[in-house]
Amino acid sequence: MLSNLEQQPADALLALIKLHGEDPRADKIDLGVGVYRTGQGATPVFGAIKAAEQKLVDTQDSKSYLGPEGDMGFVHALMPYIFGQDDPAKGGRIEGMQTPGGTGAVRLTVALAKRAGVGRIIMGLPSWPNHAQILGDLAVELVSFKHAGTDGKVDMDALRAAISGGQSGDAIMLHGCCHNPTGIDYSNAQWDEIAALIAAKGLLPILDLAYQGLGAGLEEDAYGVRKVLDAVPEALIAYSCDKNFGMYRDRVGAIYVMAENSEVLGRVLTNGFALARAAWSMPPDHGGAAVRLILEDPGLTAMWLDELDTMRTRISQVRAKLAAAGQAGSIDLTPLGHQNGLFSVLPLSSEQIQTLRSDHGIYMAGSGRVNIAGLTAGNIDKFIADLAVVSG
Ligand code: LMR
């Protein structure tokens, strides 16, 4: 039977990690997978995480099973940051469960939506490639629209048309902040309009918040999610701590459900538990427990917020430097200055992307997505110069 399986290509983004690792050139630049890097090019463990992990080692007295919901202290501790200090559970209408990373959370939102009868999910493209893979794997139809125009701005007309073409039983997937891959986010005024349009059409919102704190700030980055939740009766939210706590390989995430009342909420969650049990039984504990220990301790929380602030500041400094460079060959870098988060997309052809890799040791996704945090004082001039040569 197994020989019936066809060869599959490696995941293009994850394969880049390996390709870059094997490149012997000393001046190679990794702008591939989305991890934060310091000005020295490192992705260190947060100081707050190290301290929390130490506390965990010293105090944890059992590794016995939890339930499919994982560490509910972790799930609840995040809620004021996502939904606001003022009634984060919206009078008992929001509850969550821990998931293996943001990917586990997205998968569970789609699986739950499907169980609830959703057959189609409206989503702007380009998007994080794994979104479409998850939809495909769960046999949910993707109804796409253009996220942004060539002018580097959100294509609101395309979004309006997509929402207005929605049918009963459709969901819509939106990036909460730091759009992956474009870095082109909705303004607050656009979120106000989107929230009203989704509510009027009766679509189920699925909100993916994977980079909170890496855009304009923790509170600012939650504007869209909160606005949509204020407008609609029900929603699903996928949350990742993999970037804003630097927990990537520890897989720390959560799904939150907002339902019209606590009775429906309870029922939805039992479906989440059943789906989790059948997929991964329960999420890995360590990372979630470390995040909980940070959020339970004001000193560690302050340390984490400070580290997050340093990341955000560095990302915006690199963006400012790119924007100040203006033109690199045929590429206009100025829009990168007002985009958000780790990523932007450069309008390069596949050949140009390949030449940057083979001739200049510059690694980026095949879509032209660059991880801004891969640029440092030591390599940004080379990057701009090589970009100018290749894009001519
Ligand atoms: C990325 O987009 O680079 C990250 O979200 C990592 C991943 O899992 O794809």
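# Cavities, a pocket and a ligand

Analyst: Let's start inside the protein: the volume of the largest cavity is about 50 Å³. Keep in mind that this is a predicted model.

User: Why is that space called a cavity rather than a pocket?

Analyst: The name depends on whether the probe can leave. A cavity is a set of points where a 1.4 Å probe fits but cannot get out, whereas a pocket is an open set. A search of the whole structure, counting spaces of 30 Å³ or more, turns up 2 cavities. With about 50 Å³, the largest cavity is over that limit.

User: What makes a residue part of the lining of the largest cavity, and which residues are they?

Analyst: A lining residue has an atom within 4 Å of a point of the space. For the largest cavity, this gives Met123, Gly124, Ser127, Phe145, His147, Met173, Leu174, His175, His179 and Tyr186. Two elements, β3 (120-125) and β5 (170-175), each give two or more of these residues. The biggest contribution is that of β5, with 3 residues.

User: How do you know how many residues in that lining are charged?

Analyst: Asp, Glu, Lys and Arg count as charged. Sorting the lining of the largest cavity by class gives 5 nonpolar, 5 polar and no charged residues.

User: What makes the second largest cavity count in the search, and which residues line it?

Analyst: Its space is about 40 Å³, and the search takes cavities of 30 Å³ or more. Its lining is made of His147, His175, Gly176, Cys177, His179, Ile184, Asp185, Tyr186 and Trp191. By class, these are 4 nonpolar, 4 polar and 1 charged. Asp counts as charged, so Asp185 is the charged one.

User: What is special about the backbone in the loop between β5 and α7?

Analyst: Two things are worth finding in your viewer. Proline 181 is in this loop, and the peptide bond that joins asparagine 180 to proline 181 is cis, with omega about 25 degrees. Cysteine 178 is in the loop between β5 and α7 too; its phi is positive, about 50 degrees, although cysteine 178 is not a glycine. Another cis bond runs from leucine 125 to proline 126, with omega near 5 degrees. Proline 126 sits in the loop between β3 and α5.

User: Let's turn to the largest pocket. Why is it said to lie between domain 1 and domain 2?

Analyst: Both domain 1 (2-45 + 313-391) and domain 2 (65-296) give residues to its lining, so the pocket lies between them. Its volume is about 1,000 Å³. The lining has 42 residues, and Val33, Gly34, Val35, Lys243 and Tyr248 lie nearest the centre. The element with the largest share is α1, with 5 residues. By class, the lining has 19 nonpolar, 12 polar and 11 charged residues.

User: How do you know which residues are around the ligand?

Analyst: The test is a heavy atom within 4 Å of the ligand. The residues around the ligand are Leu13, Val33, Gly34, Trp128, Asn180, Tyr211, Lys243, Phe343 and Arg369.

User: And what makes the pairs with glycine 34, arginine 369 and tyrosine 211 polar contacts?

Analyst: A polar contact is a pair of N or O atoms within 3.5 Å. A polar backbone atom of glycine 34 is 2.7 Å from an oxygen atom of the ligand. For arginine 369, a side-chain N or O atom is 2.8 Å from a ligand oxygen. For tyrosine 211, the distance from a polar side-chain atom to a ligand oxygen is 3.4 Å. Each distance is within 3.5 Å, so all three pairs count as polar contacts. Overall, the protein buries 81% of the 260 Å² that the ligand exposes when taken alone.

Conventions
Residues are numbered from 1 along each chain as its sequence is written. This is a predicted model: local features need pLDDT of at least 70, side-chain atom pairs count only at pLDDT 80 or more; totals for chains, interfaces and linings use all residues. Side-chain values use heavy atoms; hydrogens and water are left out. On a 1 Å grid over the protein atoms alone, a cavity is a set of points where a 1.4 Å probe fits but cannot get out, and a pocket is an open set with protein on both sides within 12 Å along at least five of seven lines; lining residues have an atom within 4 Å of a point. Grid points are joined across faces, edges and corners, and a volume is the space filled by probe spheres set on the points. Helices (H or I, at least four residues) and strands (E, at least two) are DSSP runs, numbered from the N terminus. Domain bounds come from an automatic or database domain assignment. A polar contact is a pair of N or O atoms within 3.5 Å; within protein, one must be able to donate a hydrogen and the other to accept it, and residues adjacent in sequence count only if both atoms are side-chain atoms. Accessible areas come from the Shrake-Rupley method with a 1.4 Å probe; for residues, only the protein chains shown count as cover.
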